[in-house]
Structures are given as C-alpha cells and as structure tokens.
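Open the model in the viewer and keep the sequence panel at hand. The stops below go from strand pairs to single residues and end with the whole chain.

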Amino acid sequence: MKKKFYAIVMTALTVMSAAAFSACGDESDSTADEAATTGVVTMAEETEVTTTIAPTTEEVTEQETTKKAESSETTVPSTASSATSAQSSQTSKAQSTQSSKTSSAAASSAAALSNAGSSAAAGTFSSSDVVFIYNGVSINLGDNMSNVISKIGNASSVTSAPSCHGVGEDKTYTYSGFEIYTCPNGSEDMIIEIMVTSSSISTQKGIKVGPSKSDVIAQYGKNYTTSGYYYVYASGTKSIQFFMSGDTVEQVDYYYDV
C-alpha cells in the first residue's frame with residue numbers, strides 16, 4: 001500500500017516537473033520571439049533613418065537636374081538682356097547713320113542752292129540772280145572775256161563770225177557744260193550771253209537742267225514773263241531765262257540785251 005502511494009506521488013511530481021519545464025520552455029520561446037521582433041523593428045528604424053540621411057541615386061540625379069534647370073532659367077534673362085542691348089546698340093548706330101546721311105544730304109542741298117554765290121531769298125527774284133557762278137567765280141553779263149579767262153582758264157574751243165552788234169566778230173567760248181557768247185566792245189570781247197546745258201551746273205538757287213516749271217517758280221517767284229518756250233526773269237536789260245521742254249527745264253540762259 002505504501003509502495004503504491006509512493007509511486008503515485010512520484011508520478012505526480014514527475015508530471016508537475018514536466019509541466020513546469022514545459023512552461024519555462026514556452027516562456028523562453030516567447031522571449032526569443034520578442035527579442036527577434038524587437039531586432040527587426042530596430043533594423044527597420046535604422047534603415048529608415050539611413051534612407052533619410054543618404055538619398056538614393058535617383059533622388060541625387062533629380063536634384064542635380066533641378067539645379068541645372070534653375071541655372072538655365074537664371075541665364076535666359078541675362079541672354080535676353082544681352083540681345084536687347086545689342087539690338088538697342090544696332091538701332092542707335094542705325095539712327096546715328098541715318099542722322100549723318102540726313103545732315104550730309106541737307107548740307108549738299110544747301111551747297112547746291114547757294115552754288116558758292118549769294119542771291120535773294122527763295123520765292124523772289126533780284127538783280128543778283130542774273131550773275132553766273134562757276135567754280136566759285138562770279139561771271140557778270142557785260143564783263144570783258146579776257147578777265148574771265150584769267151580766272152577760269154581757256155575755253156576748250158572758240159568760234160567766231162561777223163558781228164551783228166558792230167565792227168568785229170561775235171565769238172563763242174565753249175567750256176564743259178556751258179558756252180559764253182561775246183560781241184566786240186572796242187578791243188575787248190564783252191559777255192552778252194551764257195548758256196548752260198549741263199545738269200551738273202546749277203543757278204545760285206539750285207535750278208539746273210532737269211527740274212520742272214513749279215521748281216523754278218518756287219525759287220524765283222511768279223514775277224516772270226514768257227517768250228516762246230522761255231520763262232524770263234528780268235532785271236533791266238539783264239535776265240535769267242529758263243527754256244522749257246514741256247514742263248522740264250532744258251537749258252538756262254543768262255542774257256544781256258545790248
């Protein structure tokens with residue numbers, strides 16, 4: 001009986017011991033699982049931190065691309081500014097060039113109108129307008145031809161014929177673009193007419209072969225008479241006459257009615 005009770009007690013103790021050992025094993029496994037889980041969480045957190053601190057290659061590339069784009073945008077206004085500056089400079093040069101051309105044209109026009117001489121204002125006629133100016137030399141109707149030759153040189157040719165104005169010969173002195181006609185005045189040849197046939201020689205007011213009737217009137221006024229195809233502006237026995245072909249000046253005559 002005692003042996004049987006003892007055996008039961010031992011069996012019970014063994015079962016309890018096994019149960020205890022089993023419970024301890026479960027607790028250890030649970031602790032190990034918890035530790036493993038904690039380790040995984042910690043590694044994940046560390047990985048997350050590392051990812052935040054060190055961007056990936058794609059992010060770095062994207063950042064560099066953004067910086068280049070921003071740099072290009074910054075440069076564009078500068079380039080546009082340079083282009084605007086260049087265009088402004090070219091415009092300024094063009095305006096300066098145009099201004100110089102205009103001034104030059106105005107100076108040429110003024111020189112042509114004066115033709116190195118002096119005359120009455122545009123739109124009026126006076127005795128000074130019947131003076132012919134050639135290379136800065138004033139040639140007056142009634143002058144002796146010898147005096148004129150000493151100033152402008154010899155004519156390219158001289159022709160003569162019996163005079164219609166007295167004893168002696170009437171002569172024609174031919175120069176480039178114009179001719180001078182004389183009649184005898186004692187021992188001298190007196191200038192009685194100057195005929196201009198070249199568009200390179202103008203009157204003191206800028207009229208030459210080529211302009212229209214309205215141009216003549218604009219410079220010499222409306223106080224003229226007509227004689228055939230001539231528009232005549234006279235001062236006593238001396239006059240300046242514009243031979244018109246249609247509405248165009250074909251020649252200019254300075255005439256002395258002796």
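Begin with strands β4 (residues 169-175) and β5 (residues 178-185): they run antiparallel and are joined by five bridges. Strands here are DSSP runs of E with at least two residues, helices are runs of H or I with at least four residues, and both are numbered from the N terminus. Two strands count as paired if DSSP finds at least two bridges between them. This is a predicted model, in which local features need pLDDT of at least 70 and side-chain atom pairs count only at pLDDT 80 or more, while totals for chains, interfaces and linings use all residues. Residues are numbered from 1 along each chain as its sequence is written, and side-chain values use heavy atoms, with hydrogens and water left out.

**The strand pairs**

Stay on this pair and select Thr172, which has Tyr181 of β5 opposite. Two residues separate β4 and β5 in their hairpin, and Gly177 in the turn has a positive phi of about 95 degrees.

Next, show β5 together with β6 (188-196). β5 and β6 are antiparallel and joined by eight bridges. Select Thr182 to find its bridge partner in β6, Ile191. The hairpin of β5 and β6 also has two residues between the strands, and the turn residue Gly186 has a positive phi of about 70 degrees.

Now go to the other partner of β4. Strand β3 (residues 157-162) pairs with β4 over six bridges in the antiparallel sense. Ser157 has Thr174 in β4 as its bridge partner. Six residues lie between the strands of the β3 and β4 hairpin, where Gly166 takes a positive phi near 150 degrees.

While these strands are on screen, the general pattern is worth recalling: in a regular strand the side chains alternate between the two faces of the sheet.

**The cysteines**

Select Cys164 and Cys183. Which cysteine sulfur is closest to that of Cys164? The closest is in Cys183, but at 9.9 Å the sulfurs are too far apart for a bond. Cys183 is accordingly in no disulfide. A disulfide is counted when two cysteine sulfur atoms are within 2.5 Å, and by this rule the count is zero.

Is Cys164 buried or exposed? Cys164 counts as exposed because its relative accessibility is 72%, whereas Cys183 is buried, with a relative accessible area of 3%. Buried means under 20% relative accessible area, exposed means over 50%, and partly exposed lies in between (1.4 Å probe, protein chains only).

**The loop after β6**

Select Thr197, in the loop between β6 and α4. Its relative accessibility of 47% makes Thr197 partly exposed. Neighbours within four places in sequence aside, Thr197 is in contact with Gly177, Val209 and Gln251; contact means heavy atoms within 4.5 Å. Gly177 was seen before, in the turn between β4 and β5. Measure from Thr197 to Val249: the two are 52 residues apart in sequence, and their C-alpha atoms are 9.7 Å apart.

Move along to Lys205, also found in the loop between β6 and α4 (213-220). Lys205 is buried, with a relative accessible area of 3%. A polar atom of the Lys205 side chain lies 2.2 Å from the backbone oxygen of Thr124.

**Helix α4**

Select α4 and colour Val216, Gln219 and Tyr220, which are buried. Look down the helix axis: the buried residues of α4 fall within an arc of 80 degrees, so they line one face of the helix. The arc is taken from the directions from the helix axis to the C-beta atoms.

Asp215 is placed in α4 as well, and is partly exposed at a relative accessible area of 34%. A polar atom of the Asp215 side chain lies 3.0 Å from the backbone nitrogen of Ser212. Thr248 is 33 residues from Asp215 along the chain, with 9.5 Å between the C-alpha atoms. After α4 comes Gly221, with a positive phi near 85 degrees.

**The whole chain**

Zoom out. The chain has four helices and 10 strands, which run α-α-β-β-α-β-β-β-β-α-β-β-β-β from the N terminus on. Of its 258 residues, 25% are buried. Among contacts with a separation of 6 or more, 46% are between residues 24 or more positions apart.

Terms used: A polar contact is a pair of N or O atoms within 3.5 Å; within protein, one must be able to donate a hydrogen and the other to accept it, and residues adjacent in sequence count only if both atoms are side-chain atoms.
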